[in-house]
Amino acid sequence: MKLDLLKYFTAFFDYFKKLKPSERIHFAYMTLLIASWTLLYLNDKRHCENTIVLSARVERGDALRTKDQSEYNKNLEHYTDKFVRFSEIILEQNKKIEQIKK
């Protein structure tokens with residue numbers, strides 16, 4: 001297996017040496033272009049995967065925040081009702097105190 005790989009490697013360099021200088025430059029540009037496209041594709045693929053993971057994480061956070069907000073609103077309504085009832089009792093007592101004073 002290593003010998004086969006070595007044969008391909010040496011054959012590539014033999015081919016590259018036989019090229020004219022202008023063909024070597026074109027070959028190098030083509031190789032650079034293909035490598036950059038490959039890197040762009042892999043980067044975009046990774047970016048898409050990261051976006052999906054991040055979106056799921058944000059959605060979980062939003063769901064938890066919505067649940068917490070719902071509980072907070074429920075407790076706020078409960079304590080507001082208690083405060084209103086307490087205020088009514090105090091007003092009634094103040095009215096009774098004013099009536100007693102008169």
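**View 1. Phe 12 on helix H1.** In this predicted model, Phe 12 is partly exposed, with a relative accessible area of 36%. The residue belongs to helix H1, which covers residues 2-18. Phe 12 is also one member of a nonpolar patch on the surface. The other members are Leu 3, Leu 6, Phe 9, Phe 13 and Tyr 15. Taken together, the six residues of this patch offer about 630 Å² of accessible area. Phe 12 is not called buried, because that word is kept for residues under 20% relative accessible area, and Phe 12 has 36%.

**View 2. The salt bridge between Arg 65 and Asp 62.** The side chains of Arg 65 and Asp 62 form a salt bridge, with a distance of 2.8 Å from N to O. Where do Arg 65 and Asp 62 sit relative to one another in helix H2? They are three residues apart in this helix (residues 21-101), so about one helical turn separates them. Arg 65 is exposed, at 53% relative accessibility. Asp 62 is partly exposed, at 38%. The two residues fall under separate labels because exposed means over 50% relative accessible area; Arg 65 has 53% and Asp 62 has 38%.

**View 3. The salt bridge between Glu 88 and Arg 85.** How many salt bridges does a search of the whole structure find? The search finds two, and one of them joins the side chains of Glu 88 and Arg 85. Here the distance from N to O is 3.5 Å. Both residues lie in helix H2, three residues apart, which is about one turn of the helix. Glu 88 is partly exposed, with a relative accessibility of 38%. Arg 85 is partly exposed as well, with 43%.

**View 4. Tyr 41 and Leu 5.** Tyr 41 is part of helix H2. Is Tyr 41 buried or exposed? Tyr 41 is exposed, and its relative accessible area is 54%. Along the chain, Tyr 41 and Leu 5 are 36 residues apart. In space, their C-alpha atoms are separated by 27 Å.

**View 5. Asn 94 and Thr 10.** Asn 94 is another residue of helix H2. Its relative accessible area of 40% makes Asn 94 partly exposed. Asn 94 and Thr 10 are 84 residues apart along the chain. What distance separates the C-alpha atoms of Asn 94 and Thr 10? The distance is 103 Å.

**View 6. Gln 99 and Leu 19.** Gln 99 also lies in helix H2. With a relative accessible area of 61%, Gln 99 is exposed. The sequence places Gln 99 and Leu 19 80 residues apart. From C-alpha to C-alpha, the two residues are 113 Å apart.

**View 7. The chain around these sites.** The close-ups above belong to a chain whose secondary structure comes to two helices and zero strands. Along its principal axes, the C-alpha trace spans about 120 × 35 × 15 Å. The radius of gyration of the chain is 38 Å, whereas a compact globule of 102 residues would have one near 13 Å. What share of the 102 residues is buried? Buried residues make up 1%. The accessible surface of the chain is about 10,200 Å², and carbon and sulfur atoms account for 64% of that surface. The chain carries 19 positive and 14 negative charges. The mean positions of these two sets of charges lie 6 Å apart.

Notes. Residues numbered from 1 in each chain as written. Predicted model: local features only at pLDDT ≥ 70, side-chain atom pairs only at ≥ 80, totals over all residues. Heavy atoms only, no water. Patch = residues over 30% accessible without salt bridge, like charges linked within 9 Å, V, L, I, M, F, W, Y side chains within 5 Å. Areas by Shrake-Rupley, 256 points an atom, 1.4 Å probe, with all protein chains shown as cover. Salt bridge = Lys/Arg side-chain N within 4 Å of Asp/Glu carboxyl O. Helix = DSSP H or I, 4+ residues; strand = E, 2+ residues; numbered from the N terminus. Buried < 20%, exposed > 50% of the residue type's maximum accessible area, 1.4 Å probe, protein only. Rg over C-alpha atoms; globule rule 2.2 N^0.38 Å. Lys, Arg positive; Asp, Glu negative; His and termini not counted. Charge placed at Lys NZ, Arg CZ, Asp CG, Glu CD.
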